[in-house]
Amino acid sequence: MSKILVAYFSASGVTASVAQEIANAVGADLYEIRPVQPYTAADLDWTDKSSRSTKEMDDPACRPAVAEPVHDMAKYDTVFVGFPIWWYVEPRIVDTFMESYDFSGKRIIPFATSGGSGIEKAEKRFKSIYSGMLWEKGRLLNGLDVKDWAKRIIKN
């Protein structure tokens with residue numbers, strides 16, 4: 001039997017809800033990608049050019065520190081990776097997570113939430129930066145058919 005992990009970053013709670021639904025649907029463990037320094041409302045103000053999120057996203061090399069590691073990543077063979085779309089791609093803290101573990105031989109399934117952007121640019125970026133990983137087709141999940149999608153993709 002496969003061991004499944006749902007790892008997610010959520011700034012406002014939306015992605016956290018979706019991650020919980022996926023974990024419940026497929027019997028997965030849940031792991032929150034939490035920053036060492038939590039984001040404040042001011043940090044997340046994308047209209048402010050000096051906000052923390054804007055500065056991070058303007059710097060492709062930025063890797064915010066993650067508060068706690070995944071315990072025993074080796075036991076998982078499928079990892080859902082969830083995040084809100086920021087500036088059309090994944091937040092930099094998700095890159096910190098992706099660069100912190102050996103995903104060799106693991107199925108990686110991205111999912112995202114967004115108020116208006118798709119997941120396509122994040123998927124393209126993931127595949128170009130982390131080219132040695134087994135990427136599955138991701139999905140933008142804004143509360144629609146989350147459980148059915150998760151069950152369907154796990155069966156494939």
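## A walk through the chain

Start with the whole chain on screen: of its contacts (heavy atoms within 4.5 Å) with a separation of 6 or more, 77% are between residues 24 or more positions apart. What you have open is a predicted model, where local features need pLDDT of at least 70, side-chain atom pairs count only at pLDDT 80 or more, and totals for chains, interfaces and linings use all residues. Residues are numbered from 1 along each chain as its sequence is written, and side-chain values use heavy atoms, with hydrogens and water left out.

**Whole chain.** Switch to a C-alpha trace and turn it about: along its principal axes it spans about 45 × 30 × 25 Å. Buried residues (under 20% relative accessible area, with exposed over 50% and partly exposed in between, using a 1.4 Å probe and protein chains only) make up 49% of the 156 residues.

**Cartoon view.** Now colour by secondary structure, with helices (H or I, at least four residues) and strands (E, at least two) taken as DSSP runs and numbered from the N terminus. You'll find five helices and six strands. Follow them from the N terminus and the order is β-α-β-α-β-α-β-α-β-β-α.

**Val79.** Next, select strand 3, residues 78-84, and pick out Val79 there. Is Val79 buried or exposed? Its relative accessibility is 0%, so Val79 counts as buried. Show what surrounds it: beyond neighbours within four places in sequence, Val79 is in contact with Leu5, Ala7, Met73, Phe103, Lys106, Arg107, Ile108 and Ile109. Then draw a C-alpha to C-alpha distance to Asp58, 21 residues apart from Val79 in sequence, and you should get 27 Å.

**Arg152.** Jump to helix 5, residues 146-155, and select Arg152. Arg152 counts as partly exposed because its relative accessibility is 43%. Setting aside residues up to four places away in sequence, Arg152 touches Arg139 and Asp145. Which distance separates the C-alpha atoms of Arg152 and Val26? They sit 9.6 Å from each other, although the two residues are 126 apart along the chain.

**The largest pocket.** For the last stop, select Trp46, Pro84, Ile85, Trp86 and Trp87. The largest pocket has a volume of about 510 Å³, and of the 20 residues lining it, those five are the closest to its centre. Here a pocket is an open set of points, on a 1 Å grid over the protein atoms alone, where a 1.4 Å probe fits, with protein on both sides within 12 Å along at least five of seven lines; lining residues have an atom within 4 Å of a point. The volume is the space filled by probe spheres set on the points, which are joined across faces, edges and corners.
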